[in-house]
Amino acid sequence: MDIEQFRKEGYKAIDAICDYYAGLEQRPVVAQVEPGYLAKLVPDEAPVKGEPFPAIAADFQRLILPGITSWQHPSFFAYFPSNATFEGMLADLYASSVTNPGFNWACSPACTELESVVMDWAAKLLGLGEAFWVQGGRGGGVIQTSASDSALVAIVAARSAYLRAHPDVSTSDLVIYGTTQTHSLGAKAALILGLNFRALDVHPTFQYGLRGSTLQKAIGEDREAGKHPFVLIATLGTTSTGAIDCMSEIGPIVRDSGIWMHVDAAWAGVALSCPEFRDKSYLKDINEFADSFCTNFHKWGLTNFDLSAMWVRDRTQLTDALDVTPAFLRTKQSDAGVVIDYRNWQLSLGRKFRSIKLWFVLRSYGIEGLQAHIRKSIGLATLFADSVQESCLFELCTPQSFALAVFRLYPQGIASMLKQDELNSLNRALFHKIAARSDITITQTDLLGTFCLRFAVGAQRTEERHIRKAWEIISATAVETWAEWQGAQSVPIENGTA
Ligand code: PLP
């Protein structure tokens, strides 16, 4: 493709993207295809001769779009949001145009320097203190691919620091702490690193947040058994229910025990941009006690996947753990120690130019634009949660957390007479009916044996009318499910039709 053809096809591509977004509401939320659909429609091998680009672009519409679930659809309430903005898309395009592996400052100085600048901007936006900044602090921010990568990097740095301080400890005795509600990234990091993971108990009474007494007891037990807990993955906004570990209690304990605290705020962290959510989110304690912190701007932060923002209090902890510099990677600026080489702050060598996305987004929306988006999502989630609470058919399983409501069908006056299994199968039936629809999507979770439904708001185009429509669908489906369930109970089991 030459420049002129790129210009032409580029205009067409932008038109196609605009058409997709203009028609988003008319599309199914969930891709309506069966497993293996695509392999049946494309050749088994790459073409021997190159094909004309218009044919390839047409196949994106014909073959790919039907298999795309629209995470930006205003009726997408599953998992957590995956925001995408036009500003972010354009940033990706510009970044691709100057593609480079970005591992050292010298690869393209602007990529490294912009990352340091926007990560300081983002730290200030979220209220992370000076300790986490590059300018003026000993810490700094780095953009990782995912919260899982961020946690893995934090654990590698924590392990390295712990083993330097305790050279006689065997790695087989090291323990990573999380809770039963920690994202699977904790167990996965343990798997990758060959370390033990201990999931500490949390309770519904304390809204599934880790308490200091539980942590203190576990440390005592493990140390007694010759084990070495060295890192705690604390969560601000768990995936299941948006639970928040009690940082004010666990912070002093980890500090006094020499345990690294990594705060996984993958989803909820961007809510810290609004001052009114900072106390509830223990920002003060995070600033005092966290060694590292992560939030994904690619979830709720108006930035297209991928942009996982990770900060550390002491950047030398990353470079001490991850700097491997063969001769071919040395540069005079690195040798002089006057630049950041982000390869030493992450697992891989090469890295995308992602900071441009955050730069475009933060400049276009401003702090106020991001705050407005967060507040709107939370307000809409409150509308849904209020409907749940006012209905005699449902209950909230946990208090609303930010823009997440976790609920279940719980017909008042009768539900208390049902066994847990019965309520679970009733709610599974409701979930399967909703999951079979193409005009709305939600997800499910299991809360220590209780099957629940999750309703997460955060898509940019979601308005009050989408929440009201979702509520209508969910409540009507619940009435139907409950009626069917009651009908099935009255049919004698022995006639085989129940
Ligand atoms: N942590 C929490 C609390 C999450 O909710 C999620 C995903 O939803 C993750 C981590 C995983 O994020 P990633 O896909 O960036 O690894």
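1. Asp 306 sits in the loop between H10 and strand S7 (308-312), and the peptide bond that joins Phe 305 to Asp 306 is cis, with omega at about 5°. Since this is a predicted model, a colleague may wish to keep that origin in mind when reading this point and the ones that follow.

2. Two further backbone features concern phi. In Tyr 282, phi is near 60°, a positive value in a residue other than glycine, and Tyr 282 is found in the loop between S5 and helix H9 (283-289). Phe 402 also has a positive phi, near 50°, and is likewise not a glycine; the loop that holds Phe 402 is the one between S8 and S9.

3. Helix H10 (residues 297-300) is the place of Lys 299, a residue covered by the UniProt annotation "modified residue: N6-(pyridoxal phosphate)lysine", which comes from an unreviewed entry. Leaving aside residues up to four places away in sequence, Lys 299 touches Phe 80, Pro 81, Ser 82 and Asn 83, together with Ala 266 and Trp 267.

4. The ligand has 13 residues around it, and those that come nearest are Ala 147, Ser 148, Thr 239, Asp 264 and Asn 296. Helix H5 (147-165) and H10 each supply at least two residues of this shell.

5. Polar contacts to the ligand can be listed by distance and by the kind of protein atom involved. An oxygen atom of the ligand lies 2.5 Å from a side-chain N or O atom of Ser 148, and a ligand oxygen is 2.8 Å from an N or O atom in the side chain of Thr 239. At Ala 147 the protein partner is instead a polar backbone atom, 2.7 Å from an oxygen atom of the ligand. Taken alone, the ligand exposes 390 Å², of which the protein buries 85%.

6. Seven strands make up an open sheet with mixed pairing, in the order S1-S7-S6-S5-S4-S2-S3. Its edges are strand S1 (140-144) and strand S3 (196-200), each of which pairs on one side only, and the twist from one strand to the next averages 20°. Within this sheet, strand S4 (residues 228-235) and strand S5 (residues 260-264) run parallel and are joined by five bridges; the partner of Ile 233 in S5 is His 262.

7. Two helices deserve mention alongside the seven-stranded sheet. Helix H6 (residues 185-193) lies across strand S2 (174-179), S3, S4 and S5, and runs at about 160° to S3. Helix H7 (residues 212-224) packs on the sheet, where it touches S2, S3 and S4, and its direction makes about 145° with that of S3.

8. A second open sheet is built from four strands in the order S8-S9-S11-S10, and here the pairing is antiparallel. Strand S8 (394-396) and strand S10 (443-447) are the edge strands, each pairing on one side only, while the twist averages 40° from one strand to the next. Strand S9 (residues 404-409) pairs with strand S11 (residues 450-456) in the antiparallel sense over four bridges, and Leu 404 has Ala 456 as its bridge partner in S11.

9. Helix H14 (residues 420-435) lies across S8, S9, S10 and S11, and its course is at about 35° to S11.

Definitions and conventions: Residues numbered from 1 in each chain as written. Predicted model: local features only at pLDDT ≥ 70, side-chain atom pairs only at ≥ 80, totals over all residues. Heavy atoms only, no water. Pairing = 2+ DSSP bridges. Axes fitted to C-alpha atoms, helices over the stretch in contact; angles between N-to-C directions. Contact = heavy atoms within 4.5 Å. UniProt positions renumbered as here; feature names shortened; annotations may be inferred. Near = heavy atom within 4 Å. Polar contact = N/O pair within 3.5 Å; in protein donor to acceptor, adjacent residues only side chain to side chain. Areas by Shrake-Rupley, 256 points an atom, 1.4 Å probe, with all protein chains shown as cover.
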